[in-house]
Amino acid sequence: WGKTGHRIVGLIAEKHLSKKARKNIEKILKTETLAEVSNHMDFIKSNDAYDHMSPWHYATIPDGMTYDEAGTPEEGDIIQTLNRLIAELKTKQFTDEDEAFALKCLVHLIGDIHQPLHVGNGEDKGGNDVKLEYFWSSSNLHRVWDSGIIDGQDYSYTEYVEWLDHASAEEISAWQSAGILDWAAESVSYRPQIYDLPESKKISYQYDYENLELLNKRLLQAGIRLAGILNEIYG
Ligand code: ADE
Ligand code: ZN
Ligand code: ZN
């Protein structure tokens, strides 16, 4: 996701934390909120020292394959990194600074794995190579999903969350009982809808109309699941 998407996920999670988890997280992040730290992992991309982390924002699962069949690449991916971060945050004795960094990465990556195109098919860089025209400007499918549709709604991230944050108790418990491989498999399952583009590759209102509900569900699930994991770690 882009900046707004990650902030939405962070703010939804904040609203679903247990009291104890909220307190513990405040101690680690000091003055910053989950929404405010949610984009840290993208900000550091401009620093060469963090280049090895760029493959950690996505995974590749070709059409018709499972993650286990596809395998983990040597450089790591989002699934391996999430498993590692969650295990470390549960057990490892971190320095304060390292723990804050790991937590910021967790917030970011639980967001990203719910962006369906962050689980790519291995053929088009998660839709980055699918060039198209979005509202009469050149763009690509990945960018439309990261930020185009969200920023087109013209809400601040706090307004967006007020609009979205209405999950039922049943949804919350079902969503929080799924695991990381389920989140990734869900992302894969939406490919037919996401790639359903007109031959002209010119999209605007109609594509938004057909995909906004799915996109909003992914943001909401990401926030609710992030809260579930944080309540397990810090609750
Ligand atoms: N680069 C290659 N595959 C990608 C993906 N699925 N998401 C983001 N960047 C990528
Ligand atoms: Zn992206
Ligand atoms: Zn990212």
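In this predicted model, two zinc ions, ligand 2 and ligand 3, turn up 5.5 Å apart. Each has its own set of protein donors, so to speak, and they can be taken one at a time.

Start with the zinc ion (ligand 2). Its coordination comes from His118 and His142, each through NE2, plus Asp146, which is listed twice through OD. These contacts run from 2.1 to 2.5 Å. What do the angles look like? Around the zinc ion (ligand 2), the four donor atoms subtend anything from 56 to 155°, and that is why the arrangement counts as irregular. Along the chain, the donors of this ion (ligand 2) are spaced as H-x23-H-x3-D.

Now for the zinc ion (ligand 3). Here the protein donors are His57 through ND1, His108 through NE2 and Asp112 through OD, and they sit 2.0 to 2.2 Å from the ion. Read along the chain, the spacing for ligand 3 is H-x50-H-x3-D.

That leaves ligand 1, which is found in the largest pocket. Its surroundings are made up of Tyr58, Leu117, His118, Gly120, Lys125, Gly126, Asn128 and His142. The protein covers 81% of the 260 Å² of accessible area that ligand 1 has on its own. Sorted by class, this shell comes out as two nonpolar residues, five polar ones and one charged one. One contact can be pinned down to the backbone: an N or O atom of the main chain of Leu117 lies 3.0 Å from a nitrogen atom of ligand 1.

Two names come up again here. His118 and His142 belong to the surroundings of ligand 1, and His118 and His142 also coordinate the zinc ion (ligand 2).

Definitions and conventions:
Residues are numbered from 1 along each chain as its sequence is written. Chains are lettered from A and ligands numbered from 1 in the order in which they are written. This is a predicted model: local features need pLDDT of at least 70, side-chain atom pairs count only at pLDDT 80 or more; totals for chains, interfaces and linings use all residues. Side-chain values use heavy atoms; hydrogens and water are left out. A residue is near a molecule or strand if one of its heavy atoms lies within 4 Å of it. A polar contact is a pair of N or O atoms within 3.5 Å; within protein, one must be able to donate a hydrogen and the other to accept it, and residues adjacent in sequence count only if both atoms are side-chain atoms. Accessible areas come from the Shrake-Rupley method with a 1.4 Å probe; for residues, only the protein chains shown count as cover. On a 1 Å grid over the protein atoms alone, a cavity is a set of points where a 1.4 Å probe fits but cannot get out, and a pocket is an open set with protein on both sides within 12 Å along at least five of seven lines; lining residues have an atom within 4 Å of a point. A molecule sits in a cavity or pocket if more than half of its atoms lie within 2 Å of its grid points. Ala, Val, Leu, Ile, Met, Phe, Trp, Tyr, Cys and Pro count as nonpolar, Asp, Glu, Lys and Arg as charged, and the others, Gly among them, as polar. Donors are N, O and S atoms within 2.8 Å of the metal (3.2 Å for Na, K and Ca); water is not among the atoms, so sites may look incomplete. Four donors count as tetrahedral if all angles lie between 85 and 135 degrees; four count as square planar and six as octahedral if opposite donors are over 155 degrees apart and all others between 65 and 115; anything else is irregular.
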